[in-house]
Amino acid sequence: MPQEIKDIDLYRKVVEDQDSSALRQLYRKYEKLIYSFTYKMTADREIAEEVIQEVFLKLWKKHAPYDSSKGKFSSWLLTMTRNTCLDALRRRKKHESVEYLEHDSLNEQVQNETPADIVEWKEKGNAIRDCIRTLKEDQQRIVHLFYFKGLTQQTISRSTDTPLGTVKGRIRLALKHLHSCLKGKGGQME
């Protein structure tokens with residue numbers, strides 16, 4: 001069985017050689033993760049689909065340089081996804097009146113998914129929740145505020161009365177721990 005090509009090698013093929021096959025491989029590997037992450041932040045299927053397209057378009061057009069010395073590819077990709085998602089939410093708020101509706105995210109998401117997709121997403125979601133529960137309480141709170149509530153590090157620092165450097169450190173340590181935990185559960189986070 002051939003060894004799987006590493007994300008960084010695929011990324012380099014995309015940005016240096018404009019290799020559409022490498023982009024497709026990255027897309028297949030991360031599409032569901034990005035969709036789930038974005039949908040969790042927005043509860044909006046349309047925004048989630050737009051964000052997926054925008055993230056991979058940024059990769060293709062080299063608008064998002066990745067520096068391997070600053071962390072894992074998957075962490076960088078999720079950070080870029082988070083920022084793209086926040087930008088999409090800001091654009092949406094500017095162009096339409098905001099109406100707060102309750103969303104039953106499970107029902108909306110399940111309508112067009114195959115049973116295999118649902119099982120896979122549930123397993124990944126359970127693995128992520130299990131790993132988040134293993135974090136220290138302060139790390140859990142900051143991960144929730146940063147990734148799921150979309151607050152900036154500065155806002156978290158002010159609202160929790162925690163120094164900015166401590167907030168950044170907790171996020172970094174939490175991501176490192178989550179990566180190890182998910183890898184131990186058979187997760188595909190590289």
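This report describes helix α2, the salt bridges and the nonpolar core of a predicted model.

**Helix α2**

Helix α2 covers residues 20-42 and spans only 29 Å between its end C-alpha atoms. A straight helix of 23 residues, at 1.5 Å a residue, would span 33 Å. The helix also has a kink of about 50°, and Y30 is at its centre. At the N-terminal end of α2, D19 acts as the cap, with a side-chain oxygen 2.8 Å from the backbone nitrogen of S21. After α2 comes A43, a residue with a positive phi, near 55°.

T38 belongs to α2. Its relative accessibility is 0%, so T38 counts as buried, the limit being under 20%. A polar atom of the T38 side chain lies 2.9 Å from the backbone oxygen of I34. Apart from neighbours within four places in sequence, the residues in contact with T38 are A43, I47, A48, V51, T81 and C85. A43, the residue with positive phi that follows α2, is thus in the contact list of T38.

**Salt bridges**

The model contains seven salt bridges. Three of them are listed here, with the distance between N and O atoms.

| Salt bridge | N to O distance |
|---|---|
| D7 and K29 | 3.1 Å |
| R133 and D130 | 2.6 Å |
| D138 and R170 | 3.0 Å |

D7 and K29 form one of these salt bridges, with the closest N and O atoms 3.1 Å apart. This pair links distant parts of the chain, as D7 is in helix α1 (residues 7-17) and K29 is in helix α2, 22 residues apart. Are the two partners buried or exposed? D7 has 0% relative accessibility and therefore counts as buried. K29, at 17%, counts as buried because the limit is under 20%.

The side chains of D138 and R170 form another salt bridge, at 3.0 Å between the closest N and O atoms. Here too the pair links distant parts of the chain: D138 is in helix α7 (residues 137-148), R170 is in helix α9 (residues 164-184), and they are 32 residues apart. With a relative accessible area of 22%, D138 is partly exposed.

The salt bridge between R133 and D130, at 2.6 Å from N to O, lies within one helix, α6 (residues 115-133). The two residues are three residues apart there, so about one helical turn separates them. R133 counts as exposed at 54% relative accessibility, whereas D130, with a relative accessible area of 31%, is partly exposed.

**Nonpolar core**

The largest nonpolar core has 49 residues. Which of its members touch the most other members? They are Y11, Y30, F56, L59, F73, W76 and L77. The elements that give two or more residues to this core are α1, α2, α3 (45-60), α4 (73-95), α6, α7 and α9. Helix α2 gives the most, with 10 residues. Y30, one of the residues touching the most other members, is also the residue on which the kink in α2 is centred.

L59 is another of these residues. Leaving aside neighbours within four places in sequence, L59 is in contact with Y11, V14, V15, L23, W76, L77 and M80. Among these contacts of L59, Y11, W76 and L77 also appear in the group that touches the most other core members.

Methods
Residues numbered from 1 in each chain as written. Predicted model: local features only at pLDDT ≥ 70, side-chain atom pairs only at ≥ 80, totals over all residues. Heavy atoms only, no water. Helix = DSSP H or I, 4+ residues; strand = E, 2+ residues; numbered from the N terminus. Expected span 1.5 Å × (residues − 1). Bend = angle between axes of the 7 residues up to and from the residue. Polar contact = N/O pair within 3.5 Å; in protein donor to acceptor, adjacent residues only side chain to side chain. Salt bridge = Lys/Arg side-chain N within 4 Å of Asp/Glu carboxyl O. Buried < 20%, exposed > 50% of the residue type's maximum accessible area, 1.4 Å probe, protein only. Contact = heavy atoms within 4.5 Å. Core = buried A, V, L, I, M, F, W, Y, C linked by side-chain atoms within 4.5 Å.
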